[in-house]
Amino acid sequence: MDDLPEEVQGIIEELDEAAEDEDEDAIEELTQKLLDTGADVETITLKKLALLVMDGEEEMTQGWTRVAIQIGLDPFKTLIEGLATGMSLIGKKYENGEAFVPQLLIASNAMYGGMDLLAPLMKRDENSGSKPATVVIGTVEGDVHDIGKSLVKTLLSANGFNCVDLGNDVPASRFIEAAKESKATAISMSTLMTTTMAEMPRVLKMLSDEGIRDKVMVMVGGAPITTEYASQIGADVSPHDAASAANWLKAAVFDFPPESVRWG
Amino acid sequence: MVAEMTSKERVLAMLDKKPVDRVPVITGSTMVKEYIEKSGSVWPDYHSNAEMMVNTVSLMHTDAGLDNIVMPFGMFIESIALGLEVKMGRIDIQPSVRSFFNKPEEVKYDNFLEDKFVKTTIDAIKLSKEKFPDAAITAFLVAPVTLAGDLMGAENLSVLSIKCLQKEKQMQKMHEWIDVALEINKIYAEACVEAGADVLYYSDASASPNLVMPEFYYEVGVPAEKELGDFVHNLGCPWELHICGDTTPIIEGMASTGANGLSVEQAVKMSEVTKIAGEVPVAGNITPLLMVEGTEEQITGAVRDALDGGAKASMLGCGTPPLSTSDRLKTWVKAVADWSAEKL
């Protein structure tokens with residue numbers, strides 16, 4: 001942004017302030033002013049959104065999402081190249097040990113803040129694109145820890161997956177029902193406690209008993225879960241963290257039979 | 001060569017940085033299914049019946065051979081006594097807190113000590129002190145950052161922990177929560193020490209770098225733990241501090257709280273943290289799951305790794321898993337005794 005003309009930079013700063021103050025009238029007026037300068041507002045907006053999500057600036061992210069809407073930016077492009085890019089940036093920093101969970105959480109809140117504004121505009125296009133793969137996600141029975149699971153959900157959503165979030169303390173049978181109902185591509189189970197790890201093989205056994213184990217990929221994760229444990233209980237993977245989970249599934253889904261073949 | 005000690009003498013000597021006859025074996029939570037069944041206790045009654053509680057937790061000392069007897073079973077007592085919703089779990093799943101307050105002013109604690117679960121802890125301390133005078137009677141309590149997190153919700157704690165570093169107003173908000181938590185901590189600590197607890201074992205699980213920023217821990221967590229720890233010391237009681245996850249970035253802060261002992265989990269390298277902690281004894285850090293499915297070789301290996309790394313007490317990295325088996329617990333205690341005979 002530093003190479004932009006001074007006048008443009010000045011308006012961007014004013015827009016930041018208006019966004020932080022949640023002053024919608026000022027945002028509208030300043031957006032028009034920015035357009036009038038002839039600057040590439042689309043590129044500026046997408047870059048701003050990515051940086052604001054990365055920094056967890058919820059109000060400012062919402063403000064700049066309003067800018068995106070006002071200038072007629074495609075909502076999917078705003079989501080993928082703006083909001084989700086910011087989430088990926090902070091996800092990478094987390095993977096490299098340069099960021100901590102609270103930073104992921106506030107980034108996630110910022111992303112969802114922007115997504116809330118985009119959602120009504122995206123619904124209209126629901127039938128036009130290809131259907132995203134569905135992931136049934138939840139924390140296993142007996143464990144109420146939500147944060148890790150929610151971060152995985154956020155990063156999966158940011159990467160275009162449709163997440164069916166069952167919440168926490170989810171009985172094994174609920175995972176199976178939800179996978180069948182949504183014709184899921186994957187099930188993602190999380191637990192923070194050693195005391196509830198045994199719920200994971202229970203879900204895997206139920207999938208086998210129901211004859212649908214080969215219809216879904218199973219990801220398991222959480223502090224006590226290791227790759228060895230995942231393989232021992234017959235899960236497909238235990239990603240190291242939320243960002244790796246999204247990356248792994250994004251790649252794995254290409255080699256997995258499509259929904260129509262698996263579920264008929 | 002140190003003369004043979006009782007379990008209590010051994011634990012207190014370790015916390016006082018004095019020589020021991022063998023390395024103490026201690027634990028945090030002790031809701032072990034096998035012992036619940038063996039003692040004839042019934043779920044969920046053993047959470048609110050002092051006699052059942054003592055009959056169960058004392059088996060960790062009398063049967064498995066650990067040096068401390070720890071009560072209560074889980075980290076929900078403070079929350080349930082304050083009126084938060086708690087799901088009682090199962091015989092093999094610990095109770096968990098399910099709701100939170102919106103504002104610190106909503107937290108009412110005038111009648112905290114009248115709550116039946118708090119009373120059970122207090123009565124269990126008295127009873128176990130009477131029945132097992134040679135064991136280190138230990139109260140398992142929730143430390144201030146974690147209690148503040150239970151009061152406001154863990155996710156809110158995590159988010160506020162970063163926002164408070166950025167904005168003074170948010171820091172004030174954080175302090176309001178911490179102050180309420182500390183008030184409750186002190187009421188409970190005083191009652192436990194009066195009842196005869198030899199040691200207070202505080203878990204500050206939510207102060208972990210896995211949940212909050214290390215900067216936050218240093219700025220807010222350390223002063224809060226120190227304030228509570230000083231209060232406990234003034235009551236004449238030693239205290240231990242446990243924090244979950246990879247605590248390497250905050251171990252220096254943990255050591256500066258004045259805690260008599262630190263407990264760390266398997267995510268840290270023992271030799272690294274004992275070096276940073278310096279004089280402060282560190283306990284740990286055996287993978288808890290080994291008590292459920294570990295082989296003798298694995299258990300012995302984990303015990304020796306931790307002790308070779310400088311641990312002054314042998315402890316599981318986190319609570320004792322409910323499905324732990326008594327034979328594995330005994331293997332653990334034996335491995336510590338063997339190491340002590342060889343190396344002390």
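# Briefing: chains A and B, their interface and salt bridges

A salt bridge pairs the side chains of D92(B) and R90(B), with N and O 3.0 Å apart. This pair belongs to a wider network, in which salt bridges with shared partners join E199(A), R202(A), R90(B) and D92(B). The model described here is predicted. In chain A the average pLDDT is 88, and chain A and chain B bury about 2,000 Å² between them.

**D92(B) and its surroundings**

- D92(B) lies in a loop of chain B, the one between β2 (86-87) and β3 (96-97).
- D92(B) has a relative accessible area of 17%, under the 20% limit, and therefore counts as buried.
- Its salt-bridge partner R90(B) has 26% relative accessibility and counts as partly exposed.
- The side chains of D92(B) and R90(B) are also joined by a polar contact of 3.0 Å.
- Once neighbours within four places in sequence are set aside, the contacts of D92(B) are T195(A), M31(B), K33(B), P322(B) and L323(B).
- One of these contacts, T195(A), belongs to chain A, and T195(A) is also among the three residues of chain A that lose the most area to chain B.

**The interface of chain A and chain B**

- The contact between the chains involves 21 residues of chain A and 26 residues of chain B.
- Of the area buried between chain A and chain B, about 2,000 Å², 63% is on carbon and sulfur atoms.
- On the side of chain A, the residues that lose the most area to chain B are F100(A), P102(A) and T195(A), which together account for 25% of what that side buries.
- Four salt bridges are found across the interface.
- One salt bridge joins the side chains of E20(A) and K167(B), with 3.9 Å from N to O.
- Polar contacts across the interface come to four residue pairs, with both residues at pLDDT 80 or more.
- On the side of chain A that touches chain B, the elements giving two or more residues are α6 (101-123) and α9 (199-209) of chain A.
- The most residues on that side come from α6(A), which gives six.
- By residue type, the side of chain A that touches chain B is made up of eight nonpolar, eight polar and five charged residues.

**Salt bridges within the chains**

- Over all chains, the count of salt bridges is 30.
- Side chains of opposite charge can pair when their charged atoms come close.
- In chain A, E177(A) and R174(A) form a salt bridge through their side chains, at 3.3 Å from N to O.
- E177(A) and R174(A) are about one helical turn apart, because they stand three residues from each other in helix α8 (residues 172-182) of chain A.
- E177(A) is partly exposed at 40% relative accessibility, and R174(A) is partly exposed at 29%.
- In chain B, K8(B) and D198(B) form a salt bridge whose closest N and O atoms are 3.5 Å apart.
- That pair connects distant parts of the chain, 190 residues apart: K8(B) is in helix α1 (residues 7-15) of chain B, and D198(B) is in the loop between α9 (168-195) and β5 (199-203) of chain B.
- K8(B) is partly exposed, at a relative accessible area of 23%, whereas D198(B) is buried, at 9% relative accessibility.

**G196(B)**

- G196(B) is placed in the loop between α9 and β5 of chain B, the loop that also holds D198(B).
- With 14% relative accessibility, G196(B) counts as buried.
- Leaving out neighbours within four places in sequence, G196(B) is in contact with I125(B) and K129(B).
- G196(B) and V264(B) are 68 residues apart in sequence, and their C-alpha atoms are 26 Å apart in space.

**Confidence in chain A**

- Chain A has an average pLDDT of 88, and 96% of its residues score at least 70.
- Residues 124-129 of chain A have a pLDDT below 50, and this stretch has one contact in the model beyond near neighbours in sequence.
- Where pLDDT is low, the predicted coordinates should not be read in detail.

Definitions and conventions: Residues are numbered from 1 along each chain as its sequence is written. Chains are lettered from A and ligands numbered from 1 in the order in which they are written. Side-chain values use heavy atoms; hydrogens and water are left out. Contact means heavy atoms within 4.5 Å. Buried area is the accessible area (1.4 Å probe) that two parts lose on being put together, summed over both. A polar contact is a pair of N or O atoms within 3.5 Å; within protein, one must be able to donate a hydrogen and the other to accept it, and residues adjacent in sequence count only if both atoms are side-chain atoms. Helices (H or I, at least four residues) and strands (E, at least two) are DSSP runs, numbered from the N terminus. Ala, Val, Leu, Ile, Met, Phe, Trp, Tyr, Cys and Pro count as nonpolar, Asp, Glu, Lys and Arg as charged, and the others, Gly among them, as polar. pLDDT is the predictor's confidence in each residue, from 0 to 100. Buried means under 20% relative accessible area, exposed over 50%, partly exposed in between (1.4 Å probe, protein chains only).
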